[in-house]
Amino acid sequence: MGKQMTEMLKGTLEGIVLALLAEQPAYGYEITTRLRDHGFTDTAEGTVYALLVRIEQKNLVDVEKVPSEKGPPRKVYTLNAQGTQELEDFWTTWSFLKTHIEQLNPRSTTHTNKEN
């Protein structure tokens, strides 16, 4: 599953991170840890940090610098209204794709045989 999983994850990771931020604000390393806790164990920190830069540039999150016990302040990301709308759009798209892909999967219990 390695390479195929990586490629599929690239297209969905932004939505997954937005979903995590909808649960609670977090800083970069914390997001990586939470991804791993949810089973995304091969997600590199660098990938997450690059994604955080992109979602910040797209104004999907609010960023606050919070003092850290160790080192420089941490950037804590909070989902804002635009990010919430983006997440809703993600879930709508995800539901559409899931439904239609499952219909194509012969091993799926939701597969429908469309014979003419």
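1. A good place to start is the pair formed by helix α1 (residues 2–23) and helix α3 (residues 45–57), which pack at an angle of about 80 degrees with their axes 11 Å apart. Angles of 65 to 115 degrees count as roughly perpendicular, and α1 and α3 are therefore roughly perpendicular to each other. Please keep in mind as you read that this is a predicted model.

2. Which residues make that meeting? On the α1 side they are Leu13, Glu14, Val17, Leu18 and Leu21, and on the α3 side Thr47, Leu51, Leu52 and Ile55. Sorted by class, the contact of α1 with α3 has 7 nonpolar residues, 1 polar and 1 charged.

3. Next, look at α1 with helix α2 (residues 28–37). Here the packing angle is about 105 degrees, and the axes are 11 Å apart. That angle makes α1 roughly perpendicular to α2. From α1, the contact uses Leu13, Ile16, Val17, Leu20, Leu21 and Glu23, while α2 contributes Ile31, Arg34 and Leu35. By class, the residues of the contact of α1 with α2 are 7 nonpolar, no polar and 2 charged. If you are tracing side chains on screen, Leu13, Val17 and Leu21 are worth finding: they are listed in the contact with α3 and also in the contact with α2.

4. Now for the strands. An open sheet of 3 strands has the order β1-β3-β2, with antiparallel pairing. Its edge strands are β1 (26–27) and β2 (61–66), each of which pairs on one side only.

5. How many bridges join β1 to β3, and how many join β2 to β3? Between β1 and strand β3 (residues 74–79) there are 2 bridges, and these strands run antiparallel. To see one pairing for yourself, find Tyr27, whose bridge partner in β3 is Val76. Between β2 and β3 there are 6 bridges, again with the strands antiparallel. On this side, Val66 stands opposite Arg74 in β3.

6. Helix and sheet come together through α1, which lies across β1, β2 and β3 and runs at about 90 degrees to β3.

7. Finally, have a look at the largest pocket, which has a volume of about 1000 Å³. Its lining is made of 31 residues, with Met5, Met8, Leu9, Thr12 and Phe40 lying nearest the centre. Which helix gives the largest share of the lining? That is α1, with 13 residues. The helices α1, α3 and α4 (81–104) each supply at least two lining residues. By class, the lining has 16 nonpolar, 9 polar and 6 charged residues.

8. To draw the points together, α1 is a handy guide through the model: α1 packs with α3 and with α2, lies across the three strands β1, β2 and β3, and provides the largest share of the lining of the largest pocket.

Note on methods. Residues are numbered from 1 along each chain as its sequence is written. This is a predicted model: local features need pLDDT of at least 70, side-chain atom pairs count only at pLDDT 80 or more; totals for chains, interfaces and linings use all residues. Side-chain values use heavy atoms; hydrogens and water are left out. Axes are lines fitted to C-alpha atoms, for helices over the stretch in contact, and angles run from 0 to 180 degrees between N-to-C directions. Helices (H or I, at least four residues) and strands (E, at least two) are DSSP runs, numbered from the N terminus. Angles under 35 degrees count as roughly parallel, over 145 as roughly antiparallel, 65 to 115 as roughly perpendicular and the rest as oblique. Contact means heavy atoms within 4.5 Å. Ala, Val, Leu, Ile, Met, Phe, Trp, Tyr, Cys and Pro count as nonpolar, Asp, Glu, Lys and Arg as charged, and the others, Gly among them, as polar. On a 1 Å grid over the protein atoms alone, a cavity is a set of points where a 1.4 Å probe fits but cannot get out, and a pocket is an open set with protein on both sides within 12 Å along at least five of seven lines; lining residues have an atom within 4 Å of a point. Grid points are joined across faces, edges and corners, and a volume is the space filled by probe spheres set on the points. Two strands pair if DSSP finds at least two bridges between them.
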